[in-house]
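Two people go through a model by question and answer. Where should a first reading begin?

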Amino acid sequence: MTFFEAETHADGLPRREGRPEQNRAGATQPFGTNVDPMAAALAAVRTELVDLRLRVPGVRGAAIGGVDGLLVTHDLPPVIEPHDLAALAATTFGLGRQSALVLGQSPFRDATLRSEGGYFTVYAVGDRALLAVLGDDGINVARLHLEARPAVARLAPLLP
C-alpha cells in the first residue's frame, strides 16, 4: 500500500494499516491508537490535587515531586514556581527523615512549616514521592491533615 492508498481517518490524517505499535506498557496497539498509560495516571493525580484544593478552604495549591526534588505534576497558581516547590519539599523531607532517624522515631510521614504568610506541608507518598501543599495563613491545619492523609493513600498507587 502506498501513501496515497492509505486510509483516511476521522482526524483527516492518512493512516496505513500495518504492523502494530507497542506502548510503554508493552501492549500491542494498531497505528493511531497509541495511548500513554502515564498520561492517564498523571491526570488522575492532578484530579486528586484539584480535589484537595477544593475540599480544604485556604489551600492555595499542591505539587507532587520525587524525594530527589524533581517535579512530577502540580496544581499551583502561576505566581508559584512548581520546580522550586518540589525542591523545597525534598529538602523538608530530608530534614524530617534525618530528624526521625536521629531521634529513633518512625519513618517520616509529614512536616508542616508555618510562616507569616501561610503554611507549607509535606507528606510522604510511599517511599519515593512527596505531596507538597501550600496554604494561606487562615487554613485549618487539622482539616488539611484530615483531608490530605487519605489523599496520600489514594495517590500512592497512582505513582510509579
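**Contacts, cores and a helix**

Trainee: Leave aside neighbours within four places in sequence. Which residues is Val125 in contact with?

Mentor: Contact means heavy atoms within 4.5 Å. With neighbours within four places in sequence set aside, Val125 touches two leucines, Leu130 and Leu131. The rest of its contacts are Val152, Leu155, Ala156 and Leu159.

Trainee: What confidence limits apply here?

Mentor: Residues are numbered from 1 along each chain as its sequence is written, and side-chain values use heavy atoms, without hydrogens and water. This is a predicted model, where totals for chains, interfaces and linings use all residues, local features need pLDDT of at least 70, and side-chain atom pairs count only at pLDDT 80 or more.

Trainee: How many helices and strands are there, and in what order do they run?

Mentor: Helices (H or I, at least four residues) and strands (E, at least two) are DSSP runs, numbered from the N terminus. The protein has 3 helices and 9 strands. From the N terminus on, the order is β-β-β-β-α-β-β-α-β-β-β-α.

Trainee: What share of the residues counts as buried?

Mentor: Buried means under 20% relative accessible area (1.4 Å probe, protein chains only). The protein has 160 residues. The buried share of them is 37%.

Trainee: Among contacts between residues at least 6 apart in sequence, what share joins residues at least 24 apart?

Mentor: Take the contacts in the protein between residues at least 6 apart in sequence. Those that join residues at least 24 apart make up 43%.

Trainee: Which residues have the most contacts inside the largest nonpolar core?

Mentor: A nonpolar core is a set of buried Ala, Val, Leu, Ile, Met, Phe, Trp, Tyr and Cys residues joined through side-chain atoms within 4.5 Å. The largest has 20 residues. Those with the most contacts inside it are Ile64, Tyr123, Val125, Leu131, Val133, Ile139 and Leu144.

Trainee: Which element gives the most to this core?

Mentor: Elements that give two or more residues to this core are α1, β5, β8 (118-125), β9 and α3 (141-155). With 5 residues, the most comes from α3.

Trainee: Which residues belong to the other core?

Mentor: Another core lies apart from this one. That core has 15 residues, among them Ala89, Ala90, Ala111 and Val122.

Trainee: Leu131 is on the list for the largest core. Is Leu131 buried or exposed?

Mentor: Leu131 lies in strand β9. The relative accessible area of Leu131 is 0%, so the residue counts as buried.

Trainee: Leave aside neighbours within four places in sequence again. What is Leu131 in contact with?

Mentor: Two of its contacts are Val125 and Tyr123. Others are Thr121 and Val122, then Val152 and Leu155. The remaining ones are Leu49, Leu52, Ala62, Ala63 and Ile64.

Trainee: How many Å apart in space are Leu131 and Asp110?

Mentor: In sequence, Leu131 and Asp110 are 21 residues apart. In space, C-alpha to C-alpha, they are apart by 9.2 Å.

Trainee: How far does α3 reach from its first C-alpha to its last?

Mentor: The expected span of a helix is 1.5 Å times one less than its number of residues. With 15 residues, α3 is expected to span 21 Å. Its reach is close to that, at 20 Å.

Trainee: Which elements cover the buried residues of α3?

Mentor: The buried residues of α3 are Val141, Leu144, His145, Glu147, Ala148, Ala151, Val152 and Leu155. What covers them includes α1, β5, β7 (110-115), β8 and β9.

Technical notes: Buried means under 20% relative accessible area, exposed over 50%, partly exposed in between (1.4 Å probe, protein chains only).
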